[in-house]
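Q: I would like to learn how to read a structural model feature by feature. Could you walk me through one?

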Amino acid sequence: MLAPYAVHLEHSRGRRFPEPHHPYRNDYQRDRDRVIHARAFRRLEAKTQVFTRRYSDHFRNRLTHTLEVTQISRTIAGALNLNVDLAEALALVHDIGHPPFGHAGEKALDAAMREHALSFDHNLHALRIVEDFEQRYAAFRGLNLTFEVREGIIKHSHDYDAKEHPELAEYLLDLRPPLEAQLIDLTDEIAYNTADLDDGYEAHLLTLDDIREEVPAFGNAFEEVVRIYPDAPDKLKFNEALKRVLNRFVDDLIRNTQKRVNDAGVRTAEDIRRHPMRLAAFSSAVESERKQSKQFLYENLYFSPSLAGEKDEAEEVVSDLFAYWMGHPETLPRNYQEKAKEDGLPRTICDYIAGMTDPFILEQYEKHCGS
Ligand code: MG
């Protein structure tokens, strides 16, 4: 039942190290399972998405966010007759390269690297995790994932310039990624734009009135809910409205992507790659709703004064620890001291910090920088 323009396993560019087929799991299902069994995947549980555990232990963390993105991606890929196994593996791996403390940690790590004329990028880091850092197999380093999963890690959310990244040449940077990978960036948006409204409201950082007024997709859905359930408690009306927003975004992405694929006349996954633009997209009406919701979250949640203190602390922890290890490399674990001889000290410290969970980096900070 796969669409002709879906990624078909028999056209896969395969693994770096050829392996015999598994008797009852196909290669993308095996990649999905390799990601789930990776250490870096398990650590997502203790990494901040937006809120630290200080707020509540039922808010999203990077792991539960990843699971939400995965389920939404499976639904959309299935409705479009795309390769659901590939989409699932890509969604599960999409945030694996994120450092502790969410965006604040990423920003601080990149700033620390820029002092050494280097940089930190979570997609490039994710590729190094699956290619190099995860060591589970005797025959090769890394997870030996199929080409399509590695390509999706690099290309799902960002177009890297082929001239600036000669090391990524094998990932066909001049071509678009398959639809399965194109979807991930948009389902990521759907997942966090709705989840962050939910957690932000629950944390009392966002008010129902503000959301209704400034996020039109939500406001319209809420009016409909009020008509149907006038006497329901606010929190349940909120949930009903948010569910409608999520469904609206998902439904639009499915329909509009299908329409664009039909209009473009593409027939195969290679046509999708060679098409001059990405074909997975929201309609212009829903795209502007998505932007309004994102804008609202930036202004009222991500950059809110309530979260500012915690973000400053997070940046301080990352940059102080980075500076400490630059000055005291002998206190790094022995294997990282060895790695520094090959990769240089800044990159090695960056890799070490990027892999940490929030509690582990706080422990390290206390140990090395605590007064
Ligand atoms: Mg994400």
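A: Happily; we will go through the metal site and then the salt bridges. Keep in mind that this is a predicted model.

Q: Let's start with the metal. Which residues coordinate the magnesium ion?

A: The general idea is to look for N, O and S atoms within 2.8 Å of the metal. Here the magnesium ion has four named residues around it: His65 and His94 each give NE2, while Asp95 and Asp188 each give an OD atom, at 2.2 to 2.4 Å.

Q: What spacing do the donors of the magnesium ion follow along the chain?

A: The pattern reads H-x28-H-D-x92-D. Within it, His65 and Asp95 are 30 residues apart and link distant parts of the chain: His65 sits in helix 3 (residues 62–79), and Asp95 in the loop between helix 4 (84–93) and helix 5 (102–114).

Q: Is the side of the site formed by these residues open or closed to solvent; that is, are His65 and Asp95 buried or exposed?

A: A residue counts as buried when its relative accessible area is under 20%. His65 has 2%, so it is buried. Asp95 has 3%, so it is buried as well.

Q: Now the salt bridges. How many does the structure hold?

A: There are 41 salt bridges in the structure. One of them joins the side chains of Arg15 and Asp31, with N to O at 2.7 Å. This pair connects distant parts of the chain, since Arg15 is in the segment before helix 1 (27–36) and Asp31 is in helix 1, 16 residues apart. Both Arg15 and Asp31 are buried.

Q: What about a salt bridge inside one helix: how far apart are Arg290 and Glu287 in helix 13?

A: They are three residues apart in helix 13 (residues 284–302), which means about one helical turn separates them. Their closest N and O atoms are 2.7 Å apart in the salt bridge. With a relative accessible area of 10%, Arg290 is buried.

Q: And where do Glu338 and Lys341 lie?

A: Both are in helix 15 (residues 334–343), three residues apart, about one turn of the helix. Their salt bridge has its closest N and O atoms 3.0 Å apart. For accessibility, Glu338 is partly exposed at 44%, and Lys341 is exposed at 66%.

Q: Which residues do salt bridges with shared partners join into one network?

A: The network takes in Arg15, Glu19, Asp27, Arg30, Asp31 and Arg34. You have already met Arg15 and Asp31, as a salt-bridged pair.

Methods. Residues numbered from 1 in each chain as written. Predicted model: local features only at pLDDT ≥ 70, side-chain atom pairs only at ≥ 80, totals over all residues. Heavy atoms only, no water. Donors = N, O, S within 2.8 Å, 3.2 Å for Na, K, Ca; no water. Helix = DSSP H or I, 4+ residues; strand = E, 2+ residues; numbered from the N terminus. Buried < 20%, exposed > 50% of the residue type's maximum accessible area, 1.4 Å probe, protein only. Salt bridge = Lys/Arg side-chain N within 4 Å of Asp/Glu carboxyl O.
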